[in-house]
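The following exercises are to be worked with the sequence and the three-dimensional structure at hand. Each task is followed by a solution in steps.

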Amino acid sequence: MALNEEKILAFAGSLTDKKIDFRRSGDAGSDGFIRRLSGDGKTLQIRAGNARGVLYGVYDFLEKGGVCGEGNPEFSIRGVNPCESLSRHTPEQLKKFIDRCGRWRFNTIIIHTQYGYWKNRKLIEEECAKRGIEQVFYTYYNLAFCKYNIREDFARREDGSIIPKGDKLECADRLCVSNPEGLARYRRGLVEYLAEHPELDDMMFATSDDFDYCRCGKCVKLDPVAQCEVLFNDFFDAASDRRRELLLYYLRYHLPGDLNRVKKLDKIMFDTHPRDREFSLKDPEGKSVSREPGLMATVDKRAAGCSCNTYLYDRLRDWREAYPGKLYVFENFMMQCMYGVPTFNLKVYLQDLRDFATLGIDGVVYEAFEPGINGMLPVLNQVSRAMWDLKKDWSLTPAEENDRPDYAEFYRLVGIYRREKSPASYIALMDYLFSRPDREEFDYRYIGFNALWNVQKKHGFFQIGDPVADLFLSTHKLWDFMEKTPDPLNDSVYAIQKILKYLKTAEK
């Protein structure tokens, strides 16, 4: 995606009363800068390879002042992946979030083409263009390309029964890759989608957000990597007119047998989803434990008897050695800090950055989004700085890492809920969030959904006779619910409040 240098320079100029003198130098692909204030104090002279470097020079001047300054990033890819959260943002939150990304000197944002993108497309394009933030369009094949697929095409269990519940695939659903008719319908939908959306010029191919692959008589002979290859190959061939990326995600970490297409990709993103966040990914002492023990070993025997993080790091190294293009890591930061309760592990992320630089990894994108971000800011602020200077010690004291003492009651109620997962603990947590005038700063829609889902898993699923609330109760992912309703933000709140009223009556 080409930078709109005119927009970036105009935006940079709007941030300061100084005249900006942009002197182009160095590699146009580099975001580094050297800045100097003129003798009369009226002009900010900035030498940079591109306009984004000029903006970063202005940010540096506004933060640090002084006559001169410079910066040169350690990683060429620095950014965020807000995942399936765009529908959970108000327009104001989304604008504020993108502004944070610019001030962090991040140059990449992963945009999921479902779950709120189309509604917010104009805002995202405008705000990213001003800051030189490049959009990578994360495209779930099961949501984007399966317009013509029917229920008979869906993934199956060993007994032949169909895994997805509905007539349309959702976030966690997959196709059977051994059904010729289903694959033909998939290709038709793929080609049509690409024709309809030429503006999606940097597309990341992604499969379902889960690990329940097809286990029919033919597919069971194909591991997740091979099942992914069938669908990816069609995407690679059909999307030859644009930049193509691939997501390496849960159970798909080992190298495929055929690397011919993979080596021609523009970039690859390696997702560290099952990692143990208490230890660095390299994990030299081998102490890390998977959040889903045993599953990776069903696909790759090298995972058996190996610490979780070490396994992931070794596979990342395999990919670095085999793949010549841009390889970067996706760190599930905010979702690992469930419900916006921070984990005090800044030292882990800082060590990861040092290890990634040594390994030759091109960058990192962190899962982050505006709702619930306050408790995460100390870590995000520091890792964004470390991506420009790995030699400096960016660690914080425990008190600095937890700079939101006004969240103590929220953390306490989350702790009770996590221990009990009871209706009463859910009611107490949600009542507290609704009582706060700043509730929009919390990810309270996601908390309201996910915490309730866990209560139902423990105590039994139920319905209350309200169509919106019952859809909320029966949908597996919040973002899938939000896709099915005309007013995602308000309908989510409506459903939670209806369910709270029902639970309080039942408690009596």
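**Exercise 1. Helix α3**

Which residues are buried in α3? Compare the span of the helix with expectation, and state what covers its buried residues.

*Solution.* The model is a predicted one.
- Step 1. The buried residues of α3 are Q93, L94, F97, I98, R100, C101 and G102.
- Step 2. Helix α3 comprises 13 residues (residues 91–103), so at 1.5 Å a residue it should span 18 Å. The C-alpha atoms at its ends are 19 Å apart, in agreement with that expectation.
- Step 3. The cover over the buried residues of α3 includes α2 (51–64) and α4 (117–131), together with β5 (77–81), β6 (108–112) and α11 (377–386).
- Step 4. Just after α3, R105 adopts a positive phi of about 60 degrees.

**Exercise 2. Helix α7 and the largest cavity**

Determine where α7 bends, what its buried residues pack against, and what it gives to the lining of the largest cavity.

*Solution.*
- Step 1. Helix α7 (residues 224–238) has 15 residues and should therefore span 21 Å at 1.5 Å a residue; the distance between its end C-alpha atoms, 22 Å, agrees.
- Step 2. A bend of about 30 degrees occurs in α7 at V230.
- Step 3. At the start of α7, the backbone nitrogen of V225 has a side-chain oxygen of D223 within 3.0 Å.
- Step 4. The buried residues of α7 are P224, V225, A226, Q227, C228, L231, F232, D234, F235 and F236. They pack against α5 (141–144), α6 (180–196), β8 (202–206) and β9 (243–248).
- Step 5. There are five cavities of 30 Å³ or more, and the largest has a volume of about 110 Å³.
- Step 6. Among the residues lining the largest cavity are V225, C228, E229 and F232, as well as L246, L247, L248 and W319. Both α7 and β9 supply at least two residues each to this lining, with α7 giving the most, four residues.

**Exercise 3. The largest pocket**

What is the volume of the largest pocket, and which element gives the most to its lining?

*Solution.*
- Step 1. The volume of the largest pocket is about 1100 Å³.
- Step 2. The largest pocket is lined by 40 residues, of which H273, M335, M338, Y446 and N450 are the closest to its centre.
- Step 3. Two or more lining residues come from each of β7 (134–140), α9 (333–336), α13 (408–420), α15 (444–459) and α17 (478–483).
- Step 4. The element that gives the most to the lining of the largest pocket is α15, with six residues.

**Exercise 4. Two individual residues**

Is D202 buried or exposed? Is L452 buried or exposed? State what each residue touches.

*Solution.*
- Step 1. D202 lies in strand β8. Its relative accessible area is 4%, and the cut-off for a buried residue is under 20%; D202 is therefore buried.
- Step 2. The side chain of D202 makes a polar contact of 3.3 Å with the side chain of K267. Leaving aside residues up to four places away in sequence, D202 touches Q135, V136, F137, R243, E245 and K267.
- Step 3. L452 is located in helix α15. With a relative accessibility of 2%, L452 likewise counts as buried.
- Step 4. Leaving aside residues up to four places away in sequence, L452 touches Y426, I447, F462, F472, L473, I499 and L503.
- Step 5. From L452 to L44 the separation is 408 residues in sequence and 54 Å in space, C-alpha to C-alpha.

Methods: Residues are numbered from 1 along each chain as its sequence is written. This is a predicted model: local features need pLDDT of at least 70, side-chain atom pairs count only at pLDDT 80 or more; totals for chains, interfaces and linings use all residues. Side-chain values use heavy atoms; hydrogens and water are left out. The expected span of a helix is 1.5 Å times one less than its number of residues. Buried means under 20% relative accessible area, exposed over 50%, partly exposed in between (1.4 Å probe, protein chains only). Contact means heavy atoms within 4.5 Å. The bend at a residue is the angle between axes fitted to the seven residues ending there and the seven starting there. A polar contact is a pair of N or O atoms within 3.5 Å; within protein, one must be able to donate a hydrogen and the other to accept it, and residues adjacent in sequence count only if both atoms are side-chain atoms. On a 1 Å grid over the protein atoms alone, a cavity is a set of points where a 1.4 Å probe fits but cannot get out, and a pocket is an open set with protein on both sides within 12 Å along at least five of seven lines; lining residues have an atom within 4 Å of a point. Grid points are joined across faces, edges and corners, and a volume is the space filled by probe spheres set on the points.
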